[in-house]
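Here's a friendly walk through one protein model. Have a look at it first, and then we'll start with a single residue and work outward.

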Amino acid sequence: MSEDYDYESLGSNATLAQDAMAGALAGIAEHCAMYPVDSIKTRMQVIGSTRPQVLAATSAIQHSSKFKEMKGFKSASRNLWRGVNSVVMGAGPAHALHFATYEACKESFGANADGHHPLASAAAGACATLAHDTLMNPFDVIKQRMQLGDSAYRTVRECARTVYTKEGIAAFYISLPTTLVMSIPFQSIQFATYEYFRKVINPGGEYDPKTHAIAGGLAGAIASTVTVPLDVVKTLLQTRGQSSDPRIRNASGLVEAVDIIKGRYGMRGFFRGLKPRVLTQMPSAAISWSVYEYFKWFISSTNKTTIQDKNLIRL
């Protein structure tokens with residue numbers, strides 16, 4: 001039938017700019033939608049935080065249900081969104097690069113062929129993650145500094161300037177090795193499990209929003225659970241500059257951060273913030289994949305219409 005087309009072929013038929021645009025929109029939607037939960041997760045993971053301090057940001061919300069602390073509710077709500085501008089600034093370009101690299105590598109590694117190809121999908125995801133995290137890491141450092149409950153920064157520019165002045169350019173990249181150690185397995189697992197569940201739920205490969213949301217959510221939940229210990233280490237390194245603990249402030253990398261966490265809390269310390277991380281990543285992945293797959297379908301439909309119009313003109 002003339003109406004049938006394979007939108008999954010977008011990676012090979014679309015331009016790099018089209019792949020990048022779909023990825024940028026998916027990244028911004030994903031990060032913004034779940035940003036308040038991500039803020040709570042960051043505060044729970046910071047070494048030295050206590051349960052009352054962690055819940056301080058949400059206490060006003062609980063009181064507001066009784067209409068007693070409306071002012072506190074508004075303040076707490078704004079507090080949870082602090083630093084979101086950094087995510088918007090970084091997520092667009094970083095996710096554009098991420099998905100464009102993924103589509104190119106997936107095609108090159110044979111992941112678009114019929115059947116299941118988890119290793120090819122995982123390898124493509126790893127390559128995409130390397131490109132994404134190298135660009136996104138400085139924005140992520142700024143975001144987490146601003147997410148802290150006691151953060152005095154009011155703007156992204158102020159935070160970036162202060163961090164650079166006090167700690168130098170290295171502060172923006174000290175967590176990059178840990179981020180890559182965490183993100184490469186995280187994204188490899190996520191991409192492989194997403195492609196697996198997508199093909200199991202929807203063997204025909206046609207565009208189906210429900211399929212992409214379910215497959216994305218499952219992939220995000222599995223990948224975030226497996227990699228949460230490394231996320232705790234990354235958070236310690238990215239927020240060390242605002243710690244009052246001299247040992248944390250002088251943490252030099254992955255190994256020392258692991259020793260600090262294990263020494264303070266034992267193995268349980270590596271799972272601080274597990275629930276909010278999964279609650280963040282599961283819907284985030286569902287949103288990201290749903291938005292991305294929608295724009296793949298939309299661009300593919302537009303491309304097909306344009307080609308048909310050109311053929312009619314030639315006739």
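Let's begin with threonine 101, which is found in helix 6; helices here (H or I, at least four residues) and strands (E, at least two) are DSSP runs, numbered from the N terminus. Threonine 101 is buried, at a relative accessible area of 18%. "Buried" means under 20% relative accessible area, "exposed" over 50% and "partly exposed" in between, using a 1.4 Å probe on protein chains only. If you skip residues up to four places away in sequence, threonine 101 touches Cys127, Ala128 and Ala131. Touching, or contact, means heavy atoms within 4.5 Å.

A word on where this comes from: it's a predicted model, in which local features need pLDDT of at least 70 and side-chain atom pairs count only at pLDDT 80 or more, while totals for chains, interfaces and linings use all residues. Residues are numbered from 1 along each chain as its sequence is written, and side-chain values use heavy atoms, with hydrogens and water left out.

**The whole chain**

So what is the secondary structure of the protein chain? It comes to 14 helices and 0 strands. Of the chain's 315 residues, 49% count as buried. Take the contacts between residues at least 6 apart in sequence: 77% of them join residues at least 24 apart.

**Three buried residues**

Here are three more residues, each listed with its place, its relative accessible area and the C-alpha separation to a partner.

| Residue | Place | Relative accessible area | C-alpha separation |
|---|---|---|---|
| Alanine 94 | helix 6 | 0% | 5.0 Å to histidine 132 |
| Alanine 111 | loop between helix 6 and helix 7 | 4% | 9.2 Å to alanine 122 |
| Valine 46 | loop between helix 3 and helix 4 | 18% | 9.3 Å to glycine 273 |

Valine 46 and glycine 273 are 227 residues apart along the chain. Leaving aside neighbours within four places in sequence, valine 46 is in contact with Leu148, Thr235, Thr239 and Arg272. With that same allowance for sequence neighbours, alanine 94 touches His132, Leu135 and Met136. Alanine 111, again not counting residues up to four places away, touches Lys106, His117, Ala120, Ser121 and Lys199.

Arg272 turns up in another setting too: its charged end sits over the ring of tyrosine 265, 4.4 Å from the ring's centre. For that label, NZ of Lys or CZ of Arg has to be within 6 Å of the ring centre and within 35 degrees of the ring normal.

Thr235 belongs to the buried part of helix 11, along with others including Val232, Val233 and Leu236. Helix 11 (residues 228-238) is mostly covered, with 9 of its 11 residues buried.

**The cores**

A nonpolar core is a set of buried Ala, Val, Leu, Ile, Met, Phe, Trp, Tyr and Cys residues joined through side-chain atoms within 4.5 Å. The largest one has 16 residues, and the members that touch the most others are Ala26, Phe99, Tyr102, Tyr194, Trp289 and Tyr292. Among the elements giving it two or more residues are helix 2 (16-33), helix 6 (84-109) and helix 9 (176-201). Which helix gives the largest share of this core? That's helix 14, with 5 residues. Apart from this core lies another, of 10 residues, among them Leu236, Ala257, Ile260 and Ile261.

Phe99 is worth a click: leaving aside its neighbours within four places in sequence, it is in contact with Asp19, Gly23, Ala26, Ser288, Trp289 and Tyr292. Ring pairs also link Phe99, Tyr102, Phe191, Tyr194, Trp289 and Tyr292 into a cluster. Rings of Phe, Tyr and Trp (its six-membered ring) pair if their centres lie within 6.5 Å; planes under 30 degrees apart count as stacked, over 60 as edge-to-face and the rest as tilted. The structure holds 14 aromatic pairs.

**Helices around helix 7**

The axes of helix 3 (residues 35-45) and helix 7 come within 9 Å and cross at roughly 75°. That makes helix 3 roughly perpendicular to helix 7; angles of 65 to 115 degrees count that way, under 35 as roughly parallel, over 145 as roughly antiparallel and the rest as oblique. Axes are lines fitted to C-alpha atoms, for helices over the stretch in contact, and angles run from 0 to 180 degrees between N-to-C directions. Helix 7 and helix 8 (residues 156-167) pack at about 105°, with axes 10 Å apart, and are therefore roughly perpendicular to each other. Ile142, Arg145 and Met146 of helix 7 make that contact with Val156, Cys159, Ala160, Val163 and Glu167 of helix 8.
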